Amino acid sequence: MSEQPNAIDALTAAKPSPGEKYFPKFEVTKELTEEAAKLVALYPEGKEQSAVLPIIHMIQEKHGYICPEAMPWIAEMCKSTPIHVAGVVTFYPGIHTSCPGKYHFRVCRTIACALSGGEELMAYICGKIGVDPASLTDEHPMAVSPDGLWSIEPVECLANCGFGPNVMINDTLYSQVTPKMIDKLISEYSKKD
Amino acid sequence: MSEITYIRGREPHPRETRRIFRNIDREGYNPSIKCFMEDGGYETLKKAIKMEPADVVNEVKKSGLRGRGGAGFPTGVKWTFIPKGNTKPVYLVCNCDESEPGTFKDRFVVHQDPHQLLEGMIIACYAVQAHFGVIYMREEFPEAAKIMQNAIEEAKKKKFLGKNILKSGFDLEIIVHRGAGAYICGEETGLINSIEGLRPYPRIKPPFFPAAIGLYGCPTIVNNVESLCQVRQVLMRGGEAFAAEGAQRSPGTRIIGVSGDVRRPGYYEIISGSITYGELLYDICGGPKRGRKFKAIIPGGASAKVMRCDEVLKDRNPDGTVREMSVFDIPLDLDSIAKFGSMSGSGGVIVMDDSRSMPKVLNNLNRFFAWESCGQCSPCREGNPWMLKLSTRICEGKGSPEDVDLLKSVADNICGRTVCAFGEACSWPTQAFTTKFREEFLALTKPINALKAHSPETAEARKYLIRED
Amino acid sequence: MSSIPAILPKDAAAAEGKVNVQINGTWYRFPKGTRIVDACNSVGAHVPTFCYHPKLSIVGSCRMCLVEQGMPPRLAPGAAPTYDENGYQPISWMPRAVIACANTVGENMGIRTNSKMTEEARKGVLEFLLTNHPLDCPICDQAGECKLQEYTADYGRGTHRFTEAKTKKGKNLSIGPRVNLDQERCVLCRRCVRFMKEIVGEEVLGVVNRGTHNAISCYPGTTLDSNYSMNTVDLCPVGALTSKDFRFRMRVWFLKSTPTIDVNCGTGTNINIWTRESKVYRITPRQNDEVNSCWMPDSHRLNYKYINAPERILTPLVKTDTKAPQRPATWDSALNLVVEQLHKCAPTETAIVASARMTNEELYMVRALARQLGITKLDIVSRKGAGDNMLVSEDRNPNTNGVKMILGKTGTGLNAIRRGVRNGTVRFVIALGEDLTSPEAGFTKEDLEGLDYLLTIHHSENETTRMSDVVLPGVTFAEKYGTMINVAGRIQRLNKAIEPMGEAHSDWAIFRDVSERLGCDCVKVIACPTPMMVLEEMAQEFEPMKGLTWGNIGNEGKVILNTGVTIPLIERTKAKN
């Protein structure tokens, strides 16, 4: 058994995910730097640090997650420090530190959706995409299917409580989701290129 | 204006009064500026920008408009908290981090009618003389962020935004800043820290009242999406006309989101105080599901204290006599329910029928709060996981009767002792559930459990001492 | 019906820029803007705190300092305020406790630190802090000076109500060359984070994760290697940050602390030396807002090992013949030998190399000795280095200003002495507290070999002592009393923390004894029993020291010279306020 990294090194330890094959690897390019500079410019002068979240979103959209190499770069872009960026990255559940699948399920588990069957739906999706629901914990809230195509993550309130259970696949919200709909969505998404 | 037709199956209930949601689910309506302007959009801005900023503030003060984010603070009064003689820039932030479980109203505005928000926001910025506005969009609304961004571009082209708006000499930039999935960002100072790129820990008040020391240390007004849309209504209809409608202390319309065990859950825009909870749940939402009875209502988002449907409430008539009533008789405005120990908050009504286990509902809420606690201050950081562990154990049948009291006591120890209102938000449900549904909690417990080990460490330590059952 | 005083207390207080505050039933007056916590502590109503530190920004996150607070009732429009017979308004108490660290006192405010509400709030908060705390006090270095322990004694329940599994976090993490981190013991007060960001200006520490998993961390690959890193250990109210140097070495309750000053540079950082019997275990900064605030550099803090090192010279050493090896001698015989030898040295061919690491009292005695022997070739070894724009001064001698005042020297004469040694005009050298072969002094081994006579007073063995004809064992700064004048002209006291090692004597006493045996007849010198008396003697002679006594210098020192030099960190702190 390999030695676990200690609590500090774990911040930047590589967390390999089968989802990585669907996203280009993070790489600092001229375009990326320019794009980051544009985001920084949105905020008043001297407040570069405000662009931390926008830059994180930009990287996550392109590369799927915030890899260890990205954090010092983000810090440099917004005149911050790597530990500060790590503090922000590890705070928000919406920021991933390991790569999700190509299609990322976010299943609401909060009260209203739970009342309408969100938890059962969660178990159903896990079964469909081949993920062990028990592997989802507070520390590791996301699981990726072995083929890297799917990933699933329980989330708190998606603010569509009247129409639960709610599920997001990437950026699209699906409400009043049934197992049948899941079957249909999975087959539709897997046909997309 | 022509008659509005709504998408089939999504027509408003006859008892609704659609103002903010006028264009939600409207047939043929899309988020473009064209649709909005055909519906009279930006006319109010044209009117407002010719007024003195102070007059706009006065109009809003006159209207009695109260914030729609949950706390219900008068919007116009909030605006006047900017220090007199302030020389720093003023910022206005739109709180679109709608994340109180049970609340789902802002979502429809930002997805379907973004210009309505934008117009309200521009008016508000003008009123407080803010030249930089931020729409803090929750991460779970990625499409809305794009729609909003697009709306900003459209408005800029039409000169409703940018330099010298409508030749008034007033400049305004608005940007969309996306969150990343944290409930605490709905707390205004947490939100400000999030915009500053810090961990969104709420700030202590005093001294960090946003209107005095907010974003970048400058005076900052944080308003909810619905509040800003209501600002537009106020200016459109006039402050006095607005104040005349609905409940005296919380005038205007309110958007109520109903979820849980009712036949027709959904969003309903009603005149504040014009109906009771009973009318909402039975008449508008169609009552309980077949063969079921209502058991409990959480009247104002997950953090509001739960109300028992079979509880007899006592209220005083104007003549001093006492009358008995149930939760269904309480008018649906901002304050009435506060008399009975709960709050109407953000207007998210969560309903549970008699098929539900209340400890399990509480456990779900506790998980939410334990997960969302930012961990800045001790009571909330340590108290929430404790409450979660206790309620989980009770739900699993591993609790003892004392654990129910302990659970309540832990909540009491959090409440009122934290940096921000999260401390109340997370402790109220536990306090209310364990008090009002105590018998359900006790039914799941066994006295012998008090002697058992609840953690692997204690189990190990007690291996040789305790006989199992 | 009671009457109201003619002058209301509020007006009387306002005239002095103060406000009236009732603390636990008694009325006090405090300057406007005083924090409630400081106000309460100043009158003995102790307020427990974790995150509050007067030198750092206020975050108000530990919630330990909750107190019950009240203000005069809000008046209905048109209503006049009511006053009691002492002229105070009634206090309406607020339903919830407020934090004492972030709130300032106000007129007619009431504070209760001993009420049920306050007590309950503290008990509640403390219980939360203990839920996930590992309770490994028996092996924790902080035990004995841990705030969590202290407050548990005050507000603990005595029994556990938390029986669930605890949150697991990182343990025994090395976060820097001198500091260790235990995340489970941490109460997340963020004092360390704020110190590094606000005082040092390096954001190397931060909080990661969220909620109950929140933990202090540094970024992998970067370490807490600042020269001020160990201040975070002092700041840490619990055992989360511990000093690698002090780890597991001694239980703090066995240690005695002695207030004194640091001698590694001209700043004269105020410190406490922590000792048990004759051993020094650690040094911590002592607050002095005019010198070092609450901080000190690691380099200075850790430079104490020489005090108990095997290199210490424990007895006088003498050579009876130039070729013979050194051998131990008694003080009596060594001093007699020294006197005999000094009489043989021609004053014009003798030089004294003194040290700016000596106290004023020692320097005064050196001057007396030089005058008595008629030696004019006298100077010190100056030490310069880069300042760090914080607390480390460019002047690496602690008492350059004392030397200037007493000897009138600055180190520029050392070249001449060195030249004299090389061209043979100086044949006898008395080296006091300096290793002449050190780079700063610049003598070579050959230089020293060529001398006819070398007398050294030093606390530890070095190249110079090994080549000396006579070595008299002096003491380190931890073993003596005395005063020094820092770069900013502040005279400060050194206190004796431990007894001199072996048979070592305080340097000033050695000079006194030599003088006496040389035939000095000045009663004041030869009868001087303590360095405090030397100080009083000096106070007669030197204008800046006029009126100074050991007592009135105090633990914080006194500015006696206007040097025009400032301490950068202190200047920055003052500019901020």
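Which residue is the bridge partner of Ile430(C) in strand 20 of chain C? In the predicted model described here, that partner is Leu455(C). The pair belongs to a parallel arrangement in which strand 19 (residues 428-432) of chain C is joined to strand 20 (residues 453-458) of chain C by 5 bridges. Strands of a sheet pair through backbone hydrogen bonds, and the pairing may be parallel or antiparallel.

Strands 19 and 20 of chain C are part of an open sheet of 7 strands with mixed pairing, in the order 16-15-21-20-19-17-18. The edges are formed by strand 16 (327-328) and strand 18 (377-381) of chain C; each has a single partner strand, so one side of each lacks a neighbour in the sheet. Helix 9 (residues 360-373) of chain C packs on this sheet, where it touches strand 17 (350-355), strand 18 and strand 19 of chain C. The direction of helix 9 makes about 175° with that of strand 17 of chain C.

Helix 14 (residues 507-518) of chain C was examined next. Its 12 residues, at 1.5 Å a residue, should span 16 Å, and the end C-alpha atoms are 16 Å apart, so the expected and computed values agree. The buried residues of helix 14 of chain C are Asp507(C), Trp508(C), Ala509(C), Ile510(C), Phe511(C), Arg512(C), Val514(C) and Ser515(C). Their cover includes helix 9 and strand 20 of chain C, and both of these also appear in the description of the sheet, helix 9 packing on it and strand 20 standing within its order. Strand 21 (470-473), helix 8 (331-344), helix 15 (523-526) and helix 16 (531-541) of chain C are also among the covering elements. After helix 14 of chain C comes Gly519(C), which has a positive phi near 105°.

A positive phi is also found in a hairpin of chain C, at Glu277(C), where the value is near 50°. This hairpin consists of strand 13 and strand 14 of chain C, with 2 residues between the strands. Strand 13 (residues 270-276) and strand 14 (residues 279-285) of chain C are antiparallel and pair over 6 bridges. Within this pairing, Arg276(C) stands opposite Lys279(C) in strand 14 of chain C.

Taken as a whole, chain C has 18 helices and 24 strands. Its C-alpha atoms fill a box of roughly 95 × 65 × 35 Å along the principal axes. Of the 577 residues in chain C, 50% are buried. Among its contacts between residues at least 6 apart in sequence, 67% join residues at least 24 apart.

Chain A is assigned two domains, domain 1 (7-91) and domain 2 (103-191). The C-alpha centres of these domains of chain A lie 26 Å apart. Domain 1 and domain 2 of chain A each give 5 residues to the contact. On the side of domain 1 of chain A that touches domain 2, there are 2 nonpolar, 2 polar and 1 charged residues.

Chain A also meets chain B, with 35 residues of chain A in contact with 43 residues of chain B. On the chain B side, elements that give two or more residues include helix 7 (142-157), helix 8 (188-195), strand 5 (253-260) and helix 12 (358-372) of chain B. The largest share, 6 residues, comes from helix 12 of chain B. By class, this side of chain B has 20 nonpolar, 13 polar and 10 charged residues.

Notes
Residues numbered from 1 in each chain as written. Chains lettered and ligands numbered in written order. Predicted model: local features only at pLDDT ≥ 70, side-chain atom pairs only at ≥ 80, totals over all residues. Contact = placed C-beta atoms within 7 Å. Helix = DSSP H or I, 4+ residues; strand = E, 2+ residues; numbered from the N terminus. Nonpolar A, V, L, I, M, F, W, Y, C, P; charged D, E, K, R; others polar. Pairing = 2+ DSSP bridges. Axes fitted to C-alpha atoms, helices over the stretch in contact; angles between N-to-C directions. Buried ≥ 20, exposed ≤ 12 C-beta atoms within 10 Å, placed from the backbone. Domains from an automatic or database assignment. Expected span 1.5 Å × (residues − 1).
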